[in-house]
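Dear colleague,

I am handing over the structure below, and after it I set out what was found. Please read the notes with the coordinates open beside them.

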Amino acid sequence: MRILSALLMAAALASPAAAETVLIRDGRVVTNGSAGTIEGGDVLIVDGRVSAVGANISAPNGARIVEANGRYVTPGAFAAMSEIGLSEISGSGAPNDADLDNEDISAAADAAQAFNPAVTAVAVTRMEGVTRAAIAPSSTDTIFGGRGALVSMSGAPDSLFRPNAFMVVELGETGANRVGGSRAALWPAFEAALRDAREYPSRYRSGQGGAVLSELDAAALQPFARGQGLFLVHIESAADIRRLIRFKRDNPGLRFAIHGGAEAWQVADELARADIPVIVDPLSNLPDRFERLSARLDNAAILDRAGVTVAIAPAPGTVDAHQARLVLQLAGNAVANGMDWDSAFAAVSRTPAEIFGAGSQVGRLERNYRADVVIWDGDPLQVTSAPDAVFIEGVEQPLVSRQTLLRDRYHPSRR
């Protein structure tokens, strides 16, 4: 117990320095913006934001200069779907806030209320170049998975930066199972829930009856049902995706993004016209259930070429609190299966930020963006590469975790 306490104390003491003026010089700067990739480029960070990007930027008085020496300099990665900060040990009991077993609270479940920036997975994720994440509970008893939030990996008490960022909905095979086993009941149940939310609070105060949602869920769902938020929908099959496209056409005020979409490549042109983003797992290629019979490894590449907005994250059912750090590896697999490198990197940085409404703040190296910057020792989409430096809002982060502390403490060289 004393050893564990010492390790945790050491991790707490390895806090990042205060924000400073930093000039990162002579890097291969991936801006994710109109400037593209700048060879021999510089990034100037002032007051936690990107002040300038280009070549031959003069260092202000007192600026710290970091020589990139031709290495990749990129925006921090953005994990488009994760449970990080919601549990210490996935699958365990009390420490796991990602699972919910209560029919009266599903849409009202709020990831922002459960997020703990001090969990050990935050430091591990940050060390892999991931600086932001979208988080949400993974399981409820209804078709609604609750409200997701956007968080940074700084580990600071104020690292939650956007609550109520999206509403998770199951509208495929899993959702059908939660309303009696049939899609014939699933969509009417979804429409009835939207009606309850739009009519909140009058329906509940008048005693009309007939509501399918609890009052708590109706209140939480209301802004999304009125088009004031994003529905993150888990569906996989082409047939379910076409049903969602028709539903959006009939309800033009509502906003949707798909998480999963194993068969999305079959309806790529329709998704592009409908302007529905898709968050895919480039490793999902097995027909492990009927709604994924046509899954294939080049799904992301086909969608991207069709003009669909594509982000990359682990597939539903494989998301947990410790694997957000693997998004760059997933993007590398997308490149190996035909996706353009720039599109694949954007799919784990700029695009998730845009999907979740934070695209004007993070995901690019452009003036006035929050200075989430990573310097890499190689190609960031190669599994053998790692960050040499990570900045979050202009503050350089310690590349230290509980695992590295244990390694250093018990390494044979220390005996």
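Leaving aside neighbours within four places in sequence, Leu221 is in contact with Ala107, Phe144, Met167, Ala193, Leu194, Ala197, Leu213 and Phe231; please keep in mind that this is a predicted model. Leu221 is also, together with Phe144, Phe190, Phe231 and Leu271, among the residues that touch the most other members of the largest nonpolar core, which has 80 residues. Helix H5 gives the most to this core, with 6 residues. Another core, of 22 residues, lies apart from it and includes Leu150, Leu230, Phe356 and Ala358.

Turning to the helices, H5 (residues 183–198) packs against H7 (residues 215–225) at an angle of about 100°, their axes being 7 Å apart, which means that H5 is roughly perpendicular to H7. In this contact Ala193, Leu194, Asp196, Ala197 and Arg198 of H5 meet Ala218, Leu221, Gln222 and Ala225 of H7, and the residues involved divide into 6 nonpolar, 1 polar and 2 charged.

As for the strands, there is an open sheet of 8 with mixed pairing, in the order E6-E7-E8-E9-E10-E11-E12-E13. Strands E6 (77–82) and E13 (310–312) stand at the edges with a single partner strand each, so one side of each has no neighbour in the sheet. From one strand to the next, the twist averages 25°. Within the sheet, E10 (residues 230–235) and E11 (residues 255–260) run parallel and are joined by 6 bridges, with Gly260 in E11 as the bridge partner of Ile235. Helix H8 (residues 238–250) lies across E10 and E11, running at about 170° to E11.

With best regards

Technical notes
Residues numbered from 1 in each chain as written. Predicted model: local features only at pLDDT ≥ 70, side-chain atom pairs only at ≥ 80, totals over all residues. Heavy atoms only, no water. Axes fitted to C-alpha atoms, helices over the stretch in contact; angles between N-to-C directions. Helix = DSSP H or I, 4+ residues; strand = E, 2+ residues; numbered from the N terminus. Parallel < 35°, antiparallel > 145°, perpendicular 65-115°, else oblique. Contact = heavy atoms within 4.5 Å. Nonpolar A, V, L, I, M, F, W, Y, C, P; charged D, E, K, R; others polar. Core = buried A, V, L, I, M, F, W, Y, C linked by side-chain atoms within 4.5 Å. Buried < 20%, exposed > 50% of the residue type's maximum accessible area, 1.4 Å probe, protein only. Pairing = 2+ DSSP bridges.
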